[in-house]
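I opened the notebook to look up three things in turn: the sheet, the ligand surroundings and the positions annotated in the record.

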Amino acid sequence: MKLALIAHDGKKDAMIALAGDYLPLLRRCTLMATGTTGTRLAAAHGLVVERMLSGPMGGDLQIGARLAAGDLDGVIFLRDPMTPQPHEPDINALVRACDVHDVPCATNVATARLLLARWSGA
Ligand SMILES: O=C(CO)COP(=O)(O)O
């Protein structure tokens with residue numbers, strides 16, 4: 001299974017905690033992430049992550065392109081709804097690509113837990 005993990009700054013600690021709860025699954029997956037999220041996941045959990053550019057530099061678009069090419073089975077994208085982002089169009093493009101291609105996309109922790117539990121076989 002190929003997953004993308006992305007978190008805005010206000011949600012990065014939540015992403016690290018979430019990943020920590022699903023390490024057996026995540027270690028079996030092929031992972032990609034935006035730059036800083038990927039660095040944090042590798043440092044915190046030793047996960048092997050293909051790191052794209054940071055979100056504001058185009059990382060969401062890189063992941064969207066991979067998704068559109070059929071290279072992703074799911075996206076965990078912990079957006080920060082309380083903080084305006086300079087690359088809002090890129091964020092919307094990635095979420096739209098998930099809808100266009102019918103790829104599961106969790107944008108909050110509660111939904112992410114449902115998907116990760118399902119993919120873990122629970
Ligand atoms: O901005 C992001 C997603 O839109 C995340 O980028 P980073 O993981 O580089 O912080």
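The entries below follow that order, after a note on conventions.

**Conventions.** I am working with a predicted model, in which local features need pLDDT of at least 70 and side-chain atom pairs count only at pLDDT 80 or more, whereas totals for chains, interfaces and linings use all residues. Residues are numbered from 1 along each chain as its sequence is written. I take helices (H or I, at least four residues) and strands (E, at least two) as DSSP runs numbered from the N terminus.

**Sheet.** I looked up the strand order first and found an open sheet of five strands, ordered 3-2-1-4-5 with parallel pairing; two strands count as paired if DSSP finds at least two bridges between them. At the edges I noted strand 3 (49–51) and strand 5 (105–106), each of which pairs on one side only. Strands of a sheet in general pair through backbone hydrogen bonds, either parallel or antiparallel.

I then went through the pairings of strand 1. Strand 1 is joined to strand 2 by four bridges, with L5 opposite A33, and to strand 4 by five bridges, with L3 opposite G74. Strand 4 (residues 74–78) in turn runs parallel to strand 5 and is joined to it by two bridges, and there I76 has A106 as its bridge partner.

For burial I use C-beta atoms placed from the backbone: a residue is buried if 20 or more other C-beta atoms lie within 10 Å of its own, exposed if 12 or fewer, and partly exposed in between. By this count five of the six residues of strand 1 are buried. I also recorded that helix 4 lies across strand 1 (2–7), strand 2 (30–33) and strand 4, at about 160° to strand 1, where axes are lines fitted to C-alpha atoms, for helices over the stretch in contact, and angles run from 0 to 180 degrees between N-to-C directions.

**Ligand surroundings.** Which residues are around the ligand? With nearness meaning a C-beta atom, placed from the backbone, within 6 Å of the molecule, I listed I6, H8, T34, G35, T36, T37, S54, G55, P56, G59, D60 and I91. Helix 3 (35–45) and helix 4 (59–68) each supply at least two residues of this shell, and helix 3 gives the largest share, three residues. By class I noted three nonpolar, eight polar and one charged residues, counting Ala, Val, Leu, Ile, Met, Phe, Trp, Tyr, Cys and Pro as nonpolar, Asp, Glu, Lys and Arg as charged, and the others, Gly among them, as polar.

**Annotated positions.** UniProt, in an unreviewed entry, places "active site" at D60; such annotations may be inferred rather than shown by experiment, and their positions are given in the numbering used here with feature names shortened. Is D60 buried or exposed? D60, in helix 4, is buried because 29 other C-beta atoms lie within 10 Å. Leaving out residues up to four places away in sequence, D60 touches I6, T34, G55, H87, D90, I91, A93 and L94, contact meaning C-beta atoms, placed from the backbone, within 7 Å.

The unreviewed entry's "binding site" annotation includes T36 and H87. T36 lies in helix 3 and is partly exposed, with 18 C-beta neighbours inside 10 Å. H87, in the loop between strand 4 and helix 5 (88–100), also counts as partly exposed, with 17 such neighbours inside 10 Å, and, with the same sequence neighbours left out, touches G55, P56 and D60.

How values were computed
Contact = placed C-beta atoms within 7 Å.
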